[in-house]
Amino acid sequence: MKKILVIIAVAVMPLVAHAQFEKGKLYAGASLTSLNLSYSGSEDLNIGLQGQAGYFMADNVLVYGQVGWNHLGGSTDNIDLGIGGRYYILQNGIFLGANVKYAHGPCGYNDVMPGVEVGYAFFISRTVTIEPSIYYQQSFNDHSEYSKIGLRVGFGIYL
């Protein structure tokens, strides 16, 4: 009996995930970035919080806006605003993303940073996900000092 229930659950999961990635659905997410798991040449400790809100323009295609705060060690903090998009592959939760953000920090630091990410939306309920991803942000100011690669763990709500 357990085997039959597992088979049914595995067969239904793609249908549940697909229903969440349809045109017209809304998305809200929050993530914790880095936790010293990102690397850049100028930072020792890096922790950040990020919020996102988006809309599915077409099936499997999400566009979103984001706002974030990053603590870069010492007493240095910066904020960023950005836009981005995701494409969900084959309704299984794997996504590819691209974004661009404007980062502003103390002492006149301003940067435009395009980025890419790959991740997975793991459904823990019908509408709530845990979304681990790997990302890369390219700095236009100084590639060796401010570009970064890191790990992001987030939660998403698909409405």
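Q: In this predicted model, where contact means heavy atoms within 4.5 Å, which residue of strand 8 is in the contact list of M113?A: Contact is taken here as heavy atoms within 4.5 Å. Leaving aside neighbours within four places in sequence, M113 is in contact with N99, V100, K101, A103, Q137, Q138, S139 and Y146. Strand 8 covers residues 128-137, and the residue of the list within that range is Q137.

Q: Is M113 buried or exposed, and what is its relative accessible area?
A: M113 is found in strand 6. A residue counts as buried under 20% relative accessible area. M113 is therefore buried, with a relative accessible area of 4%.

Q: How far apart in space are M113 and K148, C-alpha to C-alpha?
A: In sequence, M113 and K148 are 35 residues apart. In space, their C-alpha to C-alpha distance is 9.9 Å.

Q: Which strand gives the most residues to the nonpolar surface patch?
A: The patch of about 950 Å² is made by I94, L96, V118, Y120, F122, I124, I134, I149, L151, V153 and F155. Strands 5 (94-104), 6 (110-120) and 9 (148-158) each give two or more residues to the patch. With four residues, the element that gives the most is strand 9.

Q: Why does V118 count as partly exposed?
A: V118 lies in strand 6 and is one of the residues that make the nonpolar patch. Partly exposed means between the buried limit of 20% and the exposed limit of 50%. V118 counts as partly exposed because its relative accessibility is 39%.

Q: Which residues form the largest nonpolar core?
A: In soluble globular proteins, nonpolar side chains tend to be buried together. The largest nonpolar core here has ten residues, among them F95 and A121. F95 also touches A121 and Y88, not counting residues up to four places away in sequence. The full set is F21, Y27, F56, L62, Y64, Y88, F95, A121, F123 and Y158.

Q: With which side chain does the side chain of T129 make a polar contact?
A: T129 is found in strand 8 and is buried, with a relative accessible area of 0%. Beyond four places in sequence, T129 touches A121, F122, F123, I124, G154, F155, G156 and Y158. The polar contact of its side chain, at 2.9 Å, is with the side chain of E131.

Q: Which residue forms a salt bridge with D80?
A: The structure holds four salt bridges. One of them joins D80, in strand 4 (residues 77-88), to a residue in strand 5, so the pair ties together parts that are 21 residues apart in sequence. D80 is buried at 3% relative accessible area, and its partner is buried at 11%. The closest N and O atoms are 3.6 Å apart, and the partner is K101.

Q: Which residues are linked in a network of salt bridges?
A: The side chains of E131 and R86 meet at 3.2 Å, N to O; E131 lies in strand 8 and R86 in strand 4, so the pair ties together parts that are 45 residues apart in sequence. The side chains of R152 and E117 meet at 3.1 Å, N to O; R152 lies in strand 9 and E117 in strand 6, so this pair ties together parts that are 35 residues apart in sequence. R152 is buried at 8% and E117 at 5%, while E131 and R86 are buried too. The network links R86, E117, E131 and R152.

How values were computed. Residues numbered from 1 in each chain as written. Predicted model: local features only at pLDDT ≥ 70, side-chain atom pairs only at ≥ 80, totals over all residues. Heavy atoms only, no water. Patch = residues over 30% accessible without salt bridge, like charges linked within 9 Å, V, L, I, M, F, W, Y side chains within 5 Å. Areas by Shrake-Rupley, 256 points an atom, 1.4 Å probe, with all protein chains shown as cover. Buried < 20%, exposed > 50% of the residue type's maximum accessible area, 1.4 Å probe, protein only. Core = buried A, V, L, I, M, F, W, Y, C linked by side-chain atoms within 4.5 Å. Polar contact = N/O pair within 3.5 Å; in protein donor to acceptor, adjacent residues only side chain to side chain.
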